[in-house]
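Please read the following walk through the fold alongside the coordinates. The text goes from the order of elements to the sheet, then to the helices and the loops.

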Amino acid sequence: MHGWRNVLSIRGTKIDSAKGQSRSSRHGYPVMHRGDRGGWMPETGAAGTKRGCRKRPVWTAEKRSLQPFVESVGTLKAYEEVIVSSEVDGILKSIRVQEGSPVTQGQLIAEIKEIDYRLDTERAAVALKQAEASLAYAKQEYERKEALYRKDLVAKQQFDDVLARLVLSQGDVDRAKMGLDLAHEKLAKTSIYARWPERSKRSE
């Protein structure tokens, strides 16, 4: 059984590729035939022998950097976590950042309802004024009693009582000042600020 025949015309000359012989055209060009998978190639010899190499496409090598990745399911945990909480008790008034949003150092995060602490500050301020008024009166009384005591017009017991009231009044002023400072500090702590750059996360 004979194979299929390809007839190719080169410059007006017909070449029979089924005979399996190497031939040239009358102009000296090699005889070409169509391969089994397409493309033209030269004949190399008798039938059944390996014919010439087929033309194959050529690709240029290109260097690329690969980005390997691993797809998985899990929970990401931060390398370092900071718990930000209020140093004073109270009702949460507002939250100024959204969960997962980055915050900067010193940024306001949340606020505690400050009405009670503001009233404490005002009461401490009033107490300080009263203590200062009492101290001023005690100083005036002490100056009068001291002048009389030097003239032996006042007993030593009366002079000692005035001196004791002066010392107590000075102590009341000092305590009132500390109370006012503490009230101001608590009032300031109703505003919660970020201590350093971080990412917010709401905890239940």
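From the N terminus on, the chain runs β-β-β-β-β-β-β-α-α-β-β, which amounts to 2 helices and 9 strands. The model is a predicted one. Of its 204 residues, 24% count as buried. Among contacts between residues at least 6 apart in sequence, 55% join residues at least 24 apart.

Three of the strands form an open sheet in the order β5-β7-β8, with antiparallel pairing. Its edge strands are β5 and β8, each of which pairs on one side only. Direction ignored, neighbouring strands of this sheet are turned by 20 degrees against each other on average.

The pairing can be followed strand by strand. Strand β5 covers residues 92-95 and is joined to β7 by 3 bridges, the two running antiparallel. One of the residues concerned is Leu-92, whose bridge partner in β7 is Ile-112. Strand β8, residues 191-193, also pairs with β7 in the antiparallel sense, over 3 bridges. On that side, Leu-108 stands opposite Tyr-193 of β8, and Ala-110 stands opposite Ile-192 of the same strand β8.

How many residues of strand β7 are buried? The strand spans residues 108-112, and 5 of the 5 are buried, so β7 is largely enclosed by the rest of the structure.

The next topic is the helix pair. Helix α1 spans residues 115-150 and helix α2 spans residues 156-188. Their axes come within 8 Å and cross at roughly 160 degrees. An angle over 145 degrees counts as roughly antiparallel, and α1 and α2 are therefore roughly antiparallel to each other. The crossing of α1 and α2 is left-handed. The residues of the contact of α1 with α2 divide into 19 nonpolar, 7 polar and 12 charged.

The loop between α1 and α2 contains Val-154. Is Val-154 buried or exposed? Its relative accessible area is 8%; buried means under 20%, and Val-154 is therefore buried. Leaving out residues up to four places away in sequence, Val-154 touches Lys-145, Leu-148, Tyr-149 and Phe-159. With α1 at residues 115-150 and α2 at 156-188, the contacts of Val-154 include Tyr-149 from α1 and Phe-159 from α2.

A second loop residue to look at is Thr-190, which lies between α2 and β8. Thr-190 has a relative accessibility of 4% and so counts as buried. Which residues does Thr-190 touch, not counting those up to four places away in sequence? They are Val-88, Ala-110, Glu-111, Ile-112, Glu-114 and Tyr-117. Two of these have already appeared in the sheet: Ile-112 is the bridge partner of Leu-92, and Ala-110 stands opposite Ile-192 in β8. Strand β7 covers residues 108-112, and the contacts of Thr-190 with Ala-110, Glu-111 and Ile-112 thus fall within that buried strand.

Definitions and conventions
Residues numbered from 1 in each chain as written. Predicted model: local features only at pLDDT ≥ 70, side-chain atom pairs only at ≥ 80, totals over all residues. Heavy atoms only, no water. Helix = DSSP H or I, 4+ residues; strand = E, 2+ residues; numbered from the N terminus. Buried < 20%, exposed > 50% of the residue type's maximum accessible area, 1.4 Å probe, protein only. Contact = heavy atoms within 4.5 Å. Pairing = 2+ DSSP bridges. Axes fitted to C-alpha atoms, helices over the stretch in contact; angles between N-to-C directions. Parallel < 35°, antiparallel > 145°, perpendicular 65-115°, else oblique. Left-handed = near helix turned anticlockwise from the far one by under 90°. Nonpolar A, V, L, I, M, F, W, Y, C, P; charged D, E, K, R; others polar.
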